[in-house]
Amino acid sequence: MKANIDRRRFGVAALAAALLTLGTPVLAQTRGGDVVVAQQAQPPSLDAMTTFAQAARNITMHVFETLYTRGETGAVIPELATDETTSPDLQTYTFHLRKGVKFHNGKEMTGVDVKASLERYAKVGASAQLLATVSGIDVPDPYTVVVHLKQPVPAFLDFISTPRAPMVIMPAEEAAKEPNKIALIGTGPYQFVEYKPDSYVKLKRFDGYVPNGQFSGPDGFGGKKTPYFDTVTFRFMPESGARAAALQTGEVQALEQLAVADAERLKTDQNVKLYQMMPWAFQVFFLNANDGPTKNLKFREAVRAALGNEEIMAIATDGLFRLTHGWQHPGTEYFAGDVGKDKYNLNDPELAKRLLKEAGYKGEPFTLVTDNSFKNDNDASVVASQQLQAVGINVKLQVADWPTSIAMRQKPVGWNMFPIFIGVEPWEGPYSTTTFFTGKDNWQQHVDSELEADADKLNSSPSLDDRKAAFAAFQQRLIDQVYAIKLGDLGIYQATRANVANYKPFRIPRMWDVWFK
């Protein structure tokens, strides 16, 4: 049978794109130029499958494309596929591919490449567990791919369309290579030129690019994309003041993120355009349930009780935040109401001291690993350190660059808490959010059988009500066990020079359908 729900999603997305096009004044598009985009951090890897880092996604989503992706509102839309059929038992998905799509090496993309790419992801992908139910993949002809599943997976299109650690399609010969050994060859509107660590990544327009004719214009990560710039340069500029100054002088033409204080200062600058996005991400702390004092649940509860979320968020975001407890955004389909709200933003030092006593805490070191690439992470850690020290916790604050801090976090020992903001995951729904806490690579460094069971129900239940109940139970367990502490939602400003035409803020700074005027 046809996947009607996804047809509806596609139809709504296409209509929205058409209306957006109709409502937009006609602008004269101009090809040419080098647009310089400043971002806070350098990517830990450009092997798109293997990393969930925003710093990588900004770049790789210009180079690679996926079978399905997400539109402007997060809805699933086809990208390298035209459509799909689904068996009545929801265990076989047959994908029909667009014809004539070229890789950057000139080769046409076929089902062989799709099969090899998905199989690679199942081995090395940062969210490889999303394909754990795949039992086999067939390629009956060059433009058809059939995926067989071990069990019904109603959300399979949600899985394969995730931009978190995207299931990008690459030539089969590249898919055979080990992580971080591939040539960066995709089907996207821009192709890789060079990477200078600590400095920049440069891309150039792919003149063999084949836009998706199913759409009338760009839509989220997909749609009909048109590259106008000759080259796109992503420069790494950790210091926010330097980024703002570079924008003012015209040294760079677009910013992934602009500090709130700088945005206030630049509001009257006629050479700059500002774009506010709220909510952008969750600001959270993850806790290590495998090592040191945070191995003890009572201690983790004490950490949560000691934190004053409003003070942390106010300082970390310069005031651009809102306090919400849920692990999905309010108003979205899987928002779980008041589940866990009674344990949010406690700000109760006396309760924290009592819980520390119950935990038998003797002043063991508590290692808080943070990074100096993202101001909100660093500021949240500094304020939290002060609040934790005030109740008697022996905090050891370690500051590193972004790749180093991520590498430290991935180890099972040596850290107790680290901050991060997660944006794509709650934006695209509950499935990616649960991946942080499930599987052998979970971030709390401890496999929780109840979380695993709730996630299985979420991923496999045919009934929407059952899936929503499963996510609510998941959220309750996550909060009860204090594997992570949500601080609140943060917003961001993106910015461009005024001569950058047709820019629209999004999860990444999109450099297609944008040009210099």
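The turns below are questions and answers about a predicted model.

Visitor: How many aromatic pairs are there?
Guide: The model is predicted, and side-chain atom pairs count only at pLDDT 80 or more. Rings of Phe, Tyr and Trp pair if their centres lie within 6.5 Å. By this rule the count comes to 28 aromatic pairs.

Visitor: Is the pair of Phe-221 and Phe-506 stacked or edge-to-face?
Guide: The ring centres of Phe-221 and Phe-506 are 4.9 Å apart. Planes over 60 degrees apart count as edge-to-face. The planes of Phe-221 and Phe-506 stand at 70°, so the pair is edge-to-face.

Visitor: How many residues apart are Phe-221 and Phe-506?
Guide: Phe-221 is in the loop between β10 (218–219) and β11 (222–223). Phe-506 is in the loop between β20 (500–501) and β21 (515–516). The pair therefore links distant parts of the chain, and its members are buried at 2% for Phe-221 and 3% for Phe-506. The distance along the chain is 285 residues.

Visitor: What kind of aromatic pair do Phe-286 and Phe-436 form?
Guide: The centres of Phe-286 and Phe-436 are 5.6 Å apart, with 50° between the planes. Planes under 30 degrees apart count as stacked, over 60 as edge-to-face and the rest as tilted. The pair of Phe-286 and Phe-436 is tilted.

Visitor: Which parts does the pair of Phe-286 and Phe-436 tie together?
Guide: Both residues are buried. They are 150 residues apart in sequence, so the pair ties together separate parts. These parts are strand β14 (residues 272–287), with Phe-286, and the loop between α14 (430–435) and α15 (449–460), with Phe-436.

Visitor: Which charged residue sits over the ring of Phe-436?
Guide: Phe-436 belongs to one aromatic cluster, whose members include Phe-282, Phe-286 and Trp-443. Another ring of this cluster, that of Phe-282, has the charged end of Lys-486 over it, 3.7 Å from its centre. Over the ring of Phe-436, 4.3 Å from its centre, sits the charged end of Arg-164.

Visitor: How many residues of strand β18 are buried?
Guide: Strand β18 (residues 417–422) is mostly covered. On one side Met-417, Pro-419 and Phe-421 are buried, and on the other Phe-418, Ile-420 and Ile-422. The count of buried residues is six of six.

Visitor: Which residue in β18 is the bridge partner of Phe-285?
Guide: β14 and β18 pair in the antiparallel sense over six bridges. One of the residues of β18 is the bridge partner of Phe-285, namely Pro-419.

Visitor: Is Asn-502 buried or partly exposed?
Guide: Asn-502 is found in the loop between β20 and β21. Buried means under 20% relative accessible area. Asn-502 has a value of 23%, so the word for Asn-502 is partly exposed.

Visitor: What does the side chain of Asn-502 reach at 2.9 Å?
Guide: The side chain of Asn-502 makes a polar contact of 3.1 Å with the side chain of Lys-504. A polar atom of the Asn-502 side chain also lies 2.9 Å from the backbone oxygen of Asp-513.

Visitor: Which helix gives the most to the lining of the second largest pocket?
Guide: About 570 Å³ of space lies in this pocket. Of its 28 lining residues, the closest to its centre are Phe-52, Gly-125, Ala-126, Gln-410 and Asp-441. α3 (111–124) and α12 (402–409) each supply at least two residues of the lining. The helix that gives the most, with four residues, is α12.

Visitor: Which backbone oxygen does the side chain of Gln-54 reach?
Guide: Gln-54 is in helix α2 (residues 54–63) and is buried, with a relative accessible area of 14%. Its side chain is joined to that of Arg-57 by a polar contact of 2.7 Å. The backbone oxygen that the side chain of Gln-54 reaches at 2.7 Å is that of Arg-507.

Visitor: Which residue in β13 is the bridge partner of Val-37?
Guide: Five of the six residues of strand β1 (residues 34–39) are buried, so β1 is largely enclosed by the rest of the structure. Six bridges join β1 to strand β12 (residues 231–236) in parallel. Two bridges join β1 to strand β13 (residues 254–258), also in parallel. The partner of Val-37 in β13 is Ala-254.

Definitions and conventions: Residues numbered from 1 in each chain as written. Heavy atoms only, no water. Phe/Tyr/Trp six-rings, centres within 6.5 Å; stacked < 30°, edge-to-face > 60°. Buried < 20%, exposed > 50% of the residue type's maximum accessible area, 1.4 Å probe, protein only. Lys NZ or Arg CZ within 6 Å of the ring centre and 35° of its normal. Pairing = 2+ DSSP bridges. Polar contact = N/O pair within 3.5 Å; in protein donor to acceptor, adjacent residues only side chain to side chain. 1 Å grid on protein atoms, 1.4 Å probe; cavity = no way out; pocket = protein on both sides within 12 Å on 5 of 7 lines; lining within 4 Å. Points joined across faces, edges and corners; volume = space filled by probe spheres on them.
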